[in-house]
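User: Could you take me through one part of this model closely? I would like a connected account of a helix and what packs around it, with the cut-offs spelled out as you go.

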Amino acid sequence: MATVTDPPKAEFRLSMLIYDTRYRSMTIQVVALIGFLLLVGFLISNTVQNLATSGKTVGFGFLTEPAGYDINQVLIEYNNQNSHLRAAFVGLLNTLLVAVLGCITATVIGVIIGVLRLSPNWLIARLTTVYVEMFRNVPVLLWIVFAMAILIETLPAPRAFRGDDPEATMKIFDTVAITNRGVYVPEPLFSRSLGDIHLFGTSSMNFDISLDLLLIIAVVVASIFGVRAIKRNADATQEKTGKRPTTWYLTLGTLVVPLLVVLVALGFHLGYPELKGFNFQGGTYLRNSLIALWLALSLYTAAFIAENVRAGILAISAGQTEAAGALGLRPNRIMRLVVLPQALRVIIPPLISQYLNLTKNSSLAIAVGYMDITGTLMGITLNQTGKELETLLLGMLIYLIISLSISALMNWYNNRVKLVER
């Protein structure tokens with residue numbers, strides 16, 4: 001009987017790192033890593049040497065020095081004696097404010113425009129096509145400046161609201177003032193407020209969170225869970241008996257009654273803006289620069305989102321629509337219940353890129369005087385301290401963290417809504 005034995009193993013030789021396919025890929029990766037590290041080391045060494053030659057040192061101690069400049073739109077307390085670090089934090093909050101508002105508005109407008117582009121109505125389909133092509137083919141910076149020019153040139157000055165026969169009047173029951181300096185809207189106030197939570201003590205990053213706001217959010221979230229429980233019970237009853245119980249009054253009561261009780265308990269009322277001196281006082285003030293930036297970014301990004309939505313809807317087989325129509329569903333319910341849920345798996349991946357683009361495009365805010373992270377940290381702070389390397393590195397790091405956070409959040413949502421394939 002013949003005996004089969006394993007062939008003898010060859011001894012390892014250095015030439016095998018190049019000629020043996022088992023080791024060649026590893027050798028290439030090690031060489032590439034060493035080359036990359038050498039390049040990074042050279043760049044860092046060269047930068048430090050050049051900074052030393054010009055009399056500069058690398059450090060971040062400047063962040064604790066007084067900023068010495070004002071910021072025109074703030075979400076937390078700030079004055080010009082605060083540090084550069086707090087000024088950068090205020091700018092970061094302004095960036096996040098524009099990004100969040102812009103993503104929400106652009107999504108709503110983009111979905112509507114994307115659906116209307118497929119309308120059988122010839123006029124509506126052409127008008128939405130003109131909108132998409134017009135916004136997509138003009139740089140967003142021009143739209144930002146154009147929106148700012150319209151707000152400044154067409155809206156009345158505060159003095160137009162003065163006198164017995166004023167040229168301009170406040171809107172919505174005399175509660176909202178729209179001027180060429182900005183928009184003043186009623187401010188929510190609480191006469192029996194629960195106070196604030198003070199975070200981060202006396203550091204430059206400290207800020208307050210309203211307990212009233214947290215309580216309202218908690219009640220709204222609890223109400224939403226209650227509505228979902230009502231819906232599950234209704235579904236179970238329908239599954240068991242074939243008849244769906246009437247639950248609209250329970251849903252409405254669950255959403256409205258707890259919120260009203262909390263608002264009354266907190267003494268909720270509105271603080272209205274009033275014309276005092278040369279300008280309006282009181283209320284919540286939205287600068288024109290914020291509105292122009294928000295409006296331009298939303299309309300510009302919505303044009304791209306509309307194309308993503310249109311492509312997603314076209315990716316769904318027409319048979320799905322025909323089958324839903326055969327069941328007696330109306331067109332709007334077919335779109336909401338059948339087409340859009342399936343189209344999400346096509347829409348969401350490019351939608352992530354549009355959110356990232358909107359956030360990064362918000363760095364153009366300095367063109368209209370809106371003080372975001374680019375205008376504060378990488379603008380005035382850079383010019384005052386001369387720390388261009390440090391401020392730019394911090395700015396790049398901040399934008400990188402924001403972009404990665406948006407990408408992670410949207411990818412998580414995409415994994416939740418995508419179809420599960422076997």
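Analyst: Here is a walk around helix α8, followed by the strands beside it and a few single residues.

This is a predicted model, in which local features need pLDDT of at least 70 and side-chain atom pairs count only at pLDDT 80 or more, while totals for chains, interfaces and linings use all residues. Residues are numbered from 1 along each chain as its sequence is written, and side-chain values use heavy atoms, with hydrogens and water left out.

Let's begin with the helix pair. Helices are DSSP runs of H or I with at least four residues, strands are runs of E with at least two, and both are numbered from the N terminus. Two packed helices are described by the angle between their axes and the distance between the axes. Helix α8 covers residues 288-314, and α10 covers residues 331-361. The axes of α8 and α10 come within 8 Å and cross at roughly 145°; such axes are lines fitted to C-alpha atoms, for helices over the stretch in contact, and the angles run from 0 to 180 degrees between N-to-C directions. The crossing is right-handed, a term for the near helix being turned clockwise from the far one, whereas left-handed means turned anticlockwise, by less than a right angle.

Which residues of α8 meet α10? On the α8 side they are L297, Y300, T301, F304, I305, N308, V309, G312 and I313. Their counterparts in α10 are M335, V339, L340, A343, V346, I347, P350, L351, Q354, Y355, L358 and N361. Contact here means heavy atoms within 4.5 Å. By class, the contact of α8 with α10 has 16 nonpolar, five polar and no charged residues. In that count, Ala, Val, Leu, Ile, Met, Phe, Trp, Tyr, Cys and Pro are nonpolar, Asp, Glu, Lys and Arg are charged, and the others, Gly among them, are polar.

T359 also belongs to α10. T359 counts as buried because its relative accessibility is 1%; buried means under 20% relative accessible area, exposed over 50%, and partly exposed in between, with a 1.4 Å probe and protein chains only. A polar atom of the T359 side chain lies 2.9 Å from the backbone oxygen of Y355, and Y355 is among the α10 residues that meet α8. Not counting residues up to four places away in sequence, T359 touches A99, Y399, I402 and I406.

α8 also has strands for neighbours: the helix lies across β2 and β9, running at about 60° to β9. These strands are part of an open sheet of three, in the order β1-β2-β9, with antiparallel pairing. Strands pair if DSSP finds at least two bridges between them. The edge strands are β1 (177-178) and β9 (284-287), each pairing on one side only. Strand β2, residues 182-185, is joined to β9 by four bridges, and V185 stands opposite T284 in β9. On its other pairing, β2 meets β1 over two antiparallel bridges, with Y184 in β2 as the bridge partner of A177. A hairpin of three residues joins β1 to β2.

Just ahead of β1 in the description comes a loop, between α5 (140-154) and β1, that holds I172 and D174. Most residues other than glycine have a negative phi, and most peptide bonds are trans. Against that background, phi is near 50° for I172 and near 60° for D174, both positive values. I172 counts as exposed because its relative accessibility is 59%, and D174 counts as exposed because its value is 54%.

Two further buried residues round out the tour. V132 sits in helix α4 (residues 122-136) and counts as buried because its relative accessibility is 0%. Leaving aside neighbours within four places in sequence, V132 is in contact with I113, R117, A303, A306 and E307. T381, in helix α11 (residues 373-385), counts as buried because its relative accessibility is 0%. The T381 side chain makes a polar contact with the side chain of H84 at 3.1 Å. A polar contact is a pair of N or O atoms within 3.5 Å; within protein, one must be able to donate a hydrogen and the other to accept it, and residues adjacent in sequence count only if both atoms are side-chain atoms.
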